[in-house]
Amino acid sequence: MSPDVRADVIVVGLGAMGAAATWQLARRGVRVVGIEQFTPANERGSSHGETRITREFVGEGADYLPLVRRSHGIWAELEAQGYDLRARTGLLVMARQGRASLRHGATDFLAQTIAVARLSGAAPDLLTAADIRRRFPQFEVTDDTVACFEAQGGFVRPERCIAAQLEQATATGRTDLHLSERAMSVRRTGGEVEVTTDRSRYVAPRVVLAAGAWTPGLAGGRFAASLIIHRQALFWFATGPGAVWDEGAAPAFLWFHGDGADDVFYGFPHVSGGRPGVKVATEQYLTACDPDAPFPPVSPAEAAQMHHRHIAGRLRGVTSRFVDGVTCLYAYNAADPGRFMIGPHPQIEGVTVISACSGHGFKHSAAIGESVAQSIVGETPTCSLEAFAV
């Protein structure tokens, strides 16, 4: 094992949160070592698959509103430098009137979406079933379906967001990225924090642990007790003749079509330059997995079930022909369902943990990385993270 490498801050994990923290630290003059066991936005993580929904009308609650607003501001700053990071396709959140809409700890996600919209100062665009049919013919809705449309919502391109922030961090000359190198332990020793990898030892006064599905093993304690890792599947289905699903013609959407926690799915229009077809997915929180164990690729049987359970009779022009599928991992806070866990490690001084993001973190990641960096260098964070304290 090579000798110790010293830095001001070590960032473990270079996905959405780690990339954001790395750039925000480096631009503040901090010498950063970033460690990633695979490559950024890899298919063993949580930050890939071409698209992630972004919305200011956050049905998870008002605590998240400042984060997504600030993230949009940061991405706009990067876009002004020439990066293509977002698509404002609009976002349609649908549910059946008077029925439950369960997601990320919310018992009435649509109602909370509308409440946050009003809190933000917006006049929510509320739609009846007739409105949806007229404005968005892509959807075959029942007569009791209602919706909230956010015109400025849409999606971010996760691989590009991560690459842009790491590129900016490296351009400062104060960032060293160590890829395909796995962190094995994080511990306090000799008044500093030591990160041991499968190649070397790193020491720094501060460490940001943003290891996603590997957080429970590295952080231990309440993180190991609270976080559950779940495999998720993302699907792309072909469209038929005359289908109106191109980017710019169809919105991103989140659709609650029944009372159960499994009666919901989300999707995106066909992304220009991306995989052919319409991307759709749901979430499962019943079956846990070991992130180090081999897990199966998305199968045709899974795709057939997805189409039958959610798509058939709802998405006009989306066929059952399965084009592609990928998996991703969610680190889910089961102790406080769907809630983020962000803050100083209770037992390891000098370590800040950013997890769990519980399946809805990407839209907030740029602001979280900034606020963590500001806290480390002694600035007042632009967005308070106290609501998510460990």
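**Salt bridges and overall build of a predicted model**

Counting by a distance rule gives 28 salt bridges. These come from a predicted model, and the rule asks for a side-chain nitrogen of Lys or Arg within 4 Å of a carboxyl oxygen of Asp or Glu. A few of the pairs are worth walking through one at a time.

Start with Arg27 and Glu77, whose side chains meet in a salt bridge with an N to O distance of 2.5 Å. Arg27 sits in the loop between α1 (16-26) and β3 (32-36), while Glu77 belongs to helix α2 (residues 65-79), so this pair ties together parts that are 50 residues apart in sequence. How accessible is Arg27? With a relative accessibility of 34%, Arg27 counts as partly exposed. Glu77, at 28%, is partly exposed too.

Next up is the pair made by Asp144 and Arg96, where the closest N and O atoms are 3.1 Å apart. Here a loop is joined to a strand: Asp144 is in the loop between α4 (129-135) and β8 (145-150), and Arg96 is in strand β6 (residues 91-96), so the bridge links parts that are 48 residues apart in sequence. Asp144 has a relative accessible area of 25%, which makes it partly exposed. Arg96 comes out at 24% and is likewise partly exposed.

Then there is the salt bridge between the side chains of Arg188 and Glu349, at 4.0 Å from N to O. Arg188 is part of strand β11 (residues 183-189), and Glu349 is in the loop between β20 (342-344) and β21 (351-354), so the pair ties together parts that are 161 residues apart in sequence. The two partners fall into separate classes of exposure: Arg188 is partly exposed, with a relative accessible area of 31%, whereas Glu349 reaches 56% and counts as exposed.

Salt bridges can also join up into a group. Glu43, Glu50, Arg275 and Asp324 are linked in a network of them.

Now for the chain as a whole. Its secondary structure comes to nine helices and 21 strands. The radius of gyration is 21 Å, close to the 21 Å that the globule rule gives for 390 residues, so the chain is as compact as a globular protein of that length. Measuring along the principal axes, the C-alpha atoms fill a box of roughly 65 × 45 × 40 Å. Of the 390 residues, 57% are buried. As for contacts with a separation of 6 or more, residues 24 or more positions apart account for 74% of them.

What about the surface and the charges? The accessible surface comes to about 15000 Å², and 50% of that belongs to carbon and sulfur atoms. The chain carries 37 positive and 40 negative charges, and the mean positions of the two sets are 1 Å apart.

Zooming back in, Ser120 gives a look at a single loop residue. Its place is in the loop between α3 (109-119) and β7 (125-127). Is Ser120 buried or exposed? At 16% relative accessibility, Ser120 counts as buried, since the cut-off for that class is under 20%. Leaving out residues up to four places away in sequence, Ser120 touches Phe57, Leu65 and Arg69.

Finally, some backbone oddities. Most residues other than glycine have a negative phi, and most peptide bonds are trans. Against that background, three spots stand out.

The peptide bond from Ser355 to Ala356 is cis, with omega near 5°. Ala356 lies in the loop between β21 and α9 (365-377).

His104 is not a glycine, yet its phi is positive, at about 50°. This residue is found in the loop between β6 and α3, and His104 is buried, with a relative accessible area of 8%.

Ser180 also has a positive phi, about 55°, without being a glycine. Its home is the loop between β10 (175-179) and β11. Is Ser180 buried or partly exposed? Ser180 has a relative accessibility of 40%, and that counts as partly exposed.

Technical notes
Residues are numbered from 1 along each chain as its sequence is written. This is a predicted model: local features need pLDDT of at least 70, side-chain atom pairs count only at pLDDT 80 or more; totals for chains, interfaces and linings use all residues. Side-chain values use heavy atoms; hydrogens and water are left out. Helices (H or I, at least four residues) and strands (E, at least two) are DSSP runs, numbered from the N terminus. Buried means under 20% relative accessible area, exposed over 50%, partly exposed in between (1.4 Å probe, protein chains only). Contact means heavy atoms within 4.5 Å. The radius of gyration is taken over C-alpha atoms; the globule rule is 2.2 Å times the number of residues to the power 0.38. Accessible areas come from the Shrake-Rupley method with a 1.4 Å probe; for residues, only the protein chains shown count as cover. Lys and Arg count as positive and Asp and Glu as negative; His and the chain ends are not counted. The place of a charge is taken as NZ of Lys, CZ of Arg, CG of Asp or CD of Glu.
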